[in-house]
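Here is a friendly walk through one protein model, from the place where its chains touch to a few details of the backbone. Please keep the sequence and the picture at hand as you read.

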Protein chains: 2
Amino acid sequence: MVKSKVFLYNKKFEGLPKESDFKLVEENVPALKDGEFLAEAAYLSVDPYMRAYAVGLPTGIPMIGGQVAKVIESKNSKFPVGSYVHGQFGWRTHTVDNGATVNMMPTYVLPDFGSLPPSLGVGILGMPGNTAYFGFLELCQPKDGETVVVSGAAGAVGSIVGQIAKIKGCKVIGIAGSEEKGKWLVDELGFDHFINYKTQDIEAMLKKLAPKGVDCYFDNVGGETTDKVMLNMNTFGRISMCGAISGYNGAPAKIVQFPIVQKQLKVEGFIVTRWADRWMEGIEQLSKWIKEGKLKYRETVTDGFENMPKAFIDMLKGGNTGKAVVKA
Amino acid sequence: MVKSKVFLYNKKFEGLPKESDFKLVEENVPALKDGEFLAEAAYLSVDPYMRAYAVGLPTGIPMIGGQVAKVIESKNSKFPVGSYVHGQFGWRTHTVDNGATVNMMPTYVLPDFGSLPPSLGVGILGMPGNTAYFGFLELCQPKDGETVVVSGAAGAVGSIVGQIAKIKGCKVIGIAGSEEKGKWLVDELGFDHFINYKTQDIEAMLKKLAPKGVDCYFDNVGGETTDKVMLNMNTFGRISMCGAISGYNGAPAKIVQFPIVQKQLKVEGFIVTRWADRWMEGIEQLSKWIKEGKLKYRETVTDGFENMPKAFIDMLKGGNTGKAVVKA
C-alpha cells in the first residue's frame with residue numbers, strides 16, 4: 001500500500017513560524033475509486049498567503065498549499081498517468097483526487113509548457129504568475145509612461161509585476177531588502193530603479209526617483225512601506241493590494257488612511273482565484289512573454305519534502321529571490 | 001469704505017483646535033473693478049475637512065471655507081445685485097470676487113431653491129449634499145437589497161448618504177455618538193438601525209443587525225470604527241472613503257490592511273470637486289427628493305460671524321446634528 005508523508009499544521013503560528021509548529025506524519029493512501037487518480041508531488045509551493053490564512057484554520061489538519069504533482073495511477077481519463085497536474089493538495093507527497101473538488105480552485109492538468117520545466121506550474125506559470133498578471137493589469141490599469149512601484153519586488157509575484165509593467169511601457173521602481181536582490185531586479189529584469197528598504201529612506205528615494213509621482217502601486221508588503229509610497233502618489237493613483245507580509249508574523253499591518261482621501265486613491269484587495277475563469281489566458285500570455293525573452297524568472301529551490309517547514313520559514317524571512325519551491 | 005471681518009488661521013492646530021488659534025481682524029474692501037462684485041456673507045460653513053486641510057497651510061492667511069453670500073454691489077452681469085452665490089471665500093464677511101478664480105471650485109449663483117432657504121447652499125444643496133450624492137452613488141454603486149453602513153451618520157454628509165441608500169432600496173445602519181442622534185436617524189430619517197459607538201460594541205452589533213454582511217460602507221470617521229466594519233464586510237464590498245475625522249485632532253487614523261485583501265474590498269477616497277462638471281445634476285436631484293418628502297435635513301445654526309471658531313470646534317466635537325452652519 002502506498003503511503004503519503006503529510007505535514008500537519010500542528011501548533012497555531014505565533015510570530016515567525018517555527019519548524020516545531022509542523023508535524024510530519026504518514027498516512028495510508030486508499031485504493032482508487034472510479035473517477036479518481038493518485039498524484040505524487042513533484043514541486044510544492046511555499047507562499048506568504050499560507051502564513052496569513054493559517055491563523056484562521058484549526059490545528060491538526062494538513063498544512064495548506066498548492067503543488068505540481070505527477071499522476072502515477074488513474075481511473076479518470078481527464079487525468080492520465082504521466083501527466084502533471086496542479087492541485088491545492090496541501091503539504092503532502094501523495095494525493096487521491098477526483099479533479100472535481102474545488103479547493104480554492106479546481107485541480108487542472110498543466111497546459112503544454114514546451115521546453116519550460118513543470119515546476120513553473122507553482123510559479124510564473126501558475127498562481128504567482130496569474131496573481132501578477134491579473135492583479136496588476138486588472139486593478140492598476142497601468143498606462144504607457146506611468147510610474148509603477150512594487151513592494152516585495154524580488155519575490156515570486158513582485159518580480160513578475162515589475163516586468164509586466166516594463167512590457168506595458170511604465171517606469172518601474174522595486175522595493176526589496178538586499179542589494180543582491182536589487183541588482184537582480186535592475187541588471188537582469190530591467191527594473192528602472194531599486195530601493196533597499198533596510199538601508200534607504202523610501203520616501204526620500206521616491207521623491208528623487210519618481211519626481212512626477214507614483215501612479216500605480218502593487219503592494220505585497222503593507223504597513224509603513226505602503227504609508228511612504230502613498231505619500232508620493234498622484235491624484236487618482238491605483239493600488240493593487242496583494243498582501244501585507246510585513247504584518248503576518250507580528251502586529252497586523254496598518255496604514256494611515258487620510259492620503260487615500262486626499263489623493264483620491266483607489267485601493268483594491270484581491271485573491272487571484274476571482275479570475276479562475278480566465279486562468280489559462282494568463283498562463284498562455286506569461287508563457288509567450290517568457291519565450292519571447294521579455295519575462296525572466298528565478299526559482300529558489302529547496303530539496304526534499306521533509307524540508308518544507310524550513311523553506312517556508314526562510315521565504316517568510318525574505319531568503320528567496322523569485323519563487324520559493326520545494327522539490328519533493 | 002466697506003470693511004470685512006476676517007478670521008485668520010493664526011496658530012497651527014494641535015489636537016482639538018482652540019478659539020485662540022484664530023485671530024479676528026478687519027480689512028478694507030477695495031473698490032470694484034470691471035467684472036467684479038462684492039458679496040456679503042449670509043451663511044458660512046464649518047466642516048471637518050477644514051481641520052484636515054488646515055494643517056498643510058501656512059498660518060496668517062484667512063481660514064479656509066465656503067459660504068453662501070448675497071451680492072450687494074456688482075460690475076459683473078452674471079452675478080447681479082440681490083443674488084445669492086456660493087464661493088470658497090474663507091471665513092470673512094465681505095468678499096470681492098470676479099467669479100472666474102477657481103478656489104477648489106468656481107463661484108456660482110445658487111440655482112432656484114424654490115421655497116427652500118439659501119442656507120442649504122452650504123448644506124444639502126451644496127458641497128455636503130453632493131459629497132453624499134456622488135461619493136456614495138458613484139463609488140459604492142449600491143444595489144437594491146444590499147446592506148449599507150454609514151459612519152458619522154448624523155453629520156451633514158452621513159445623514160444624507162443614509163437617506164439616499166434608503167431611496168435606492170438598501171438596508172441602512174448608521175453609526176453615531178449619541179442616543180438622540182440615533183433616534184433622529186431611525187425615527188425621522190428612516191434608517192433601519194443605529195449603533196452608538198460610544199456605548200455599544202460595533203462588531204457585535206453588526207453581526208446582529210447585518211447577518212448577511214455589509215456590502216457598502218461610507219466612511220466619514222476612519223480608524224477603529226472602520227476596522228470593525230471591514231471585519232463584517234462581504235467579499236467584493238465597496239468602501240467610499242470621505243474622511244477620517246477620528247484622526248484629525250490627534251494621531252492620524254490607521255486601518256488594519258489585511259481584510260482589504262482577504263475580502264477583496266474596493267476602497268476609494270475622494271474629494272467632491274472631482275464631480276464639479278456634474279454639480280447642478282446633484283443639486284437638482286437632491287432638491288427634487290426634498291420636495292417629494294424623500295429626503296430630510298436638519299441644520300445646527302450658530303448665530304453671529306464672531307462665533308465661527310466656536311461653531312467649528314463644537315462641530316469637531318460632534319455637537320451638531322445635520323449640517324453645522326453659522327448665520328453671519
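Across the interface of chain B and chain A, 14 residue pairs are in polar contact, with both residues at pLDDT 80 or more. That confidence score belongs here, as you are looking at a predicted model. Salt bridges tell another story: the rule finds zero of them across this interface. On the side of chain B that touches chain A, the classes come out as 18 nonpolar, eight polar and five charged residues.

How many residues does each chain bring to the contact? Chain A gives 31 residues, and chain B gives 31 residues. Between them, the two chains bury about 2,600 Å², and 62% of that area is on carbon and sulfur atoms. Three residues, Gln257(B), Phe258(B) and Val261(B), supply 25% of the area that chain B buries against chain A, more than any other three residues.

Strands also meet across the two chains. β13 of chain A (residues 254-256) is joined to β13(B) by three bridges, and the two run antiparallel. If you would like to find one such pair in the picture, look for Val256(A), whose bridge partner in β13(B) is Lys254(B).

Now let us move along chain B to strand β11 (residues 214-219). Is this strand mostly covered or mostly uncovered? It is mostly covered, with six of its six residues buried. β11(B) pairs in the parallel sense with strand β8 (residues 147-151) of chain B over three bridges, and Val148(B) stands opposite Cys216(B) there. β11(B) also pairs with β12(B), again in the parallel sense, this time over five bridges. In that pairing, Val214(B) stands opposite Met233(B) of β12(B).

Last comes a look at backbone angles. Most residues other than glycine have a negative phi. Two residues of chain B are worth finding with this in mind. Gln141(B) is not a glycine, yet its phi is positive, and the residue lies in the loop between α2 (127-140) and β8 of chain B. Phe236(B) is not a glycine either and also has a positive phi; its place is in strand β12 of chain B.

| Residue | Phi | Relative accessibility |
|---|---|---|
| Gln141(B) | about 45 degrees | 47% |
| Phe236(B) | about 65 degrees | 42% |

Why does Gln141(B) count as partly exposed? Its relative accessibility is 47%, and partly exposed covers what lies between under 20% (buried) and over 50% (exposed). Phe236(B) counts as partly exposed because its relative accessibility is 42%.

Terms used: Residues are numbered from 1 along each chain as its sequence is written. Chains are lettered from A and ligands numbered from 1 in the order in which they are written. This is a predicted model: local features need pLDDT of at least 70, side-chain atom pairs count only at pLDDT 80 or more; totals for chains, interfaces and linings use all residues. Side-chain values use heavy atoms; hydrogens and water are left out. Contact means heavy atoms within 4.5 Å. Buried area is the accessible area (1.4 Å probe) that two parts lose on being put together, summed over both. A salt bridge is a side-chain nitrogen of Lys or Arg within 4 Å of a carboxyl oxygen of Asp or Glu. A polar contact is a pair of N or O atoms within 3.5 Å; within protein, one must be able to donate a hydrogen and the other to accept it, and residues adjacent in sequence count only if both atoms are side-chain atoms. Ala, Val, Leu, Ile, Met, Phe, Trp, Tyr, Cys and Pro count as nonpolar, Asp, Glu, Lys and Arg as charged, and the others, Gly among them, as polar. Two strands pair if DSSP finds at least two bridges between them. Helices (H or I, at least four residues) and strands (E, at least two) are DSSP runs, numbered from the N terminus. Buried means under 20% relative accessible area, exposed over 50%, partly exposed in between (1.4 Å probe, protein chains only).
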